[in-house]
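Visitor: I'd like to know what the labels on a model like this really rest on. Could you take me through a few?

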Amino acid sequence: MAYLLDANIFIQAKNLHYGLDFCPAFWDWLIAQNQARKVFSIERVSDELKAVADELSGWANDRGASFFLPPDAAIVPSLGVVSTWANGQNYDPAAINTFLQVADYFLVAHAHAHGHTIVTHEIAAASTKKIKIPNACIGLNVKCVTPFEMLRTERARFVLPA
């Protein structure tokens, strides 16, 4: 099982818990886990990260397609499944339209197609105004965890040097 990281994992890590300047071990762990074929994201997330010219966009740019997976033929049927699910719920038309245009849709479809676990800070909500990743995951039987659940499950250790 591999993990697919939502854009908010990178953004909040940079801005809050694991700044690139003071916690490089988190970012090194992501790279090592990617090389071990356990942690990825998708090209659409990379596009979101690169839209803001900052140190995170530079980090994302350096990772390339081995970290930020491009869409493949396997996700095409899952795009249809996710779209059908979204349209079959009670979401506002604007919420559905927005969801089908952003990275979240492709992230859920990629996880659905490949049996990956999505990692996000989002939490499920009853609102009809926005489709949240965890709601889509619940509806489509895709595993979804927080970054802290992923780090604990994978026994990540960020030890300060003595």
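**Labels and cut-offs**

Visitor: What makes α5 and α8 roughly perpendicular to each other?

Guide: Helix α5 (residues 75-87) and helix α8 (residues 133-140) have axes that cross at roughly 105° and come within 11 Å. Roughly perpendicular covers 65 to 115 degrees, while under 35 is roughly parallel, over 145 roughly antiparallel and the rest oblique. The crossing of roughly 105° lies in the perpendicular range, so the label fits. Axes here are lines fitted to C-alpha atoms, for helices over the stretch in contact, with angles from 0 to 180 degrees between N-to-C directions. Helices (H or I, at least four residues) and strands (E, at least two) are DSSP runs numbered from the N terminus.

This is a predicted model, where local features need pLDDT of at least 70 and side-chain atom pairs pLDDT 80 or more, while totals for chains, interfaces and linings use all residues. Residues are numbered from 1 along each chain as its sequence is written, and side-chain values use heavy atoms, leaving out hydrogens and water.

Visitor: Which residues of α5 and α8 meet?

Guide: From α5 come V81, V82 and W85, and from α8 come N135, A136, G139 and L140. Contact means heavy atoms within 4.5 Å. The residues of this contact are five nonpolar, two polar and no charged. In that scheme Ala, Val, Leu, Ile, Met, Phe, Trp, Tyr, Cys and Pro are nonpolar, Asp, Glu, Lys and Arg are charged, and the others, Gly among them, are polar.

Visitor: Why is α8 called largely enclosed by the rest of the structure?

Guide: Because six of its eight residues are buried. Buried means under 20% relative accessible area, exposed over 50%, and partly exposed in between (1.4 Å probe, protein chains only). The buried ones are I133, P134, N135, A136, C137 and L140, and they pack against α5, α6 (93-99), α7 (103-114), β4 (117-119) and β5 (144-145).

Visitor: And what about N141, buried or exposed?

Guide: N141 is exposed, because its relative accessible area of 73% is over the 50% mark. N141 lies in the loop between α8 and β5, and it has a positive phi of about 60° although it is not a glycine. R37 also has a positive phi, of about 65°, without being a glycine. R37 sits in the loop between α2 and β2 (39-42) and is exposed at 56%.

Visitor: How many disulfides does a search of the whole structure find?

Guide: Zero. C137 is in no disulfide, and its nearest cysteine sulfur, on C144, is 4.2 Å away. A disulfide needs a pair of cysteine sulfur atoms within 2.5 Å, so the 4.2 Å between these sulfurs does not qualify. C137 counts as buried at 2% relative accessibility, and C23 is buried too, at 14%.

Visitor: What makes α1 roughly antiparallel to α2?

Guide: Helix α1 (residues 7-17) packs on α2 at an angle of about 155°, with the axes 10 Å apart. That angle makes the two roughly antiparallel. F10, A13 and K14 of α1 make the contact with F26, W27 and L30 of α2. Those residues divide into five nonpolar, no polar and one charged.

Visitor: How do you know that N34 counts as buried?

Guide: Its relative accessibility is 8%, under the 20% limit, so N34 is buried. N34 lies in helix α2 (residues 24-35). A polar atom of its side chain is 3.0 Å from the backbone oxygen of S66. A polar contact is a pair of N or O atoms within 3.5 Å; within protein, one must be able to donate a hydrogen and the other to accept it, and residues adjacent in sequence count only if both atoms are side-chain atoms.

Visitor: What does the side chain of N8 have at 3.1 Å?

Guide: The backbone nitrogen of H121 lies 3.1 Å from a polar atom of that side chain. N8 is in helix α1 and is buried at 15%.

Visitor: Why does T153 count as exposed?

Guide: Because 52% relative accessibility is over 50%. T153 is in helix α9 (residues 147-153), and a polar atom of its side chain is 2.8 Å from the backbone oxygen of E149.
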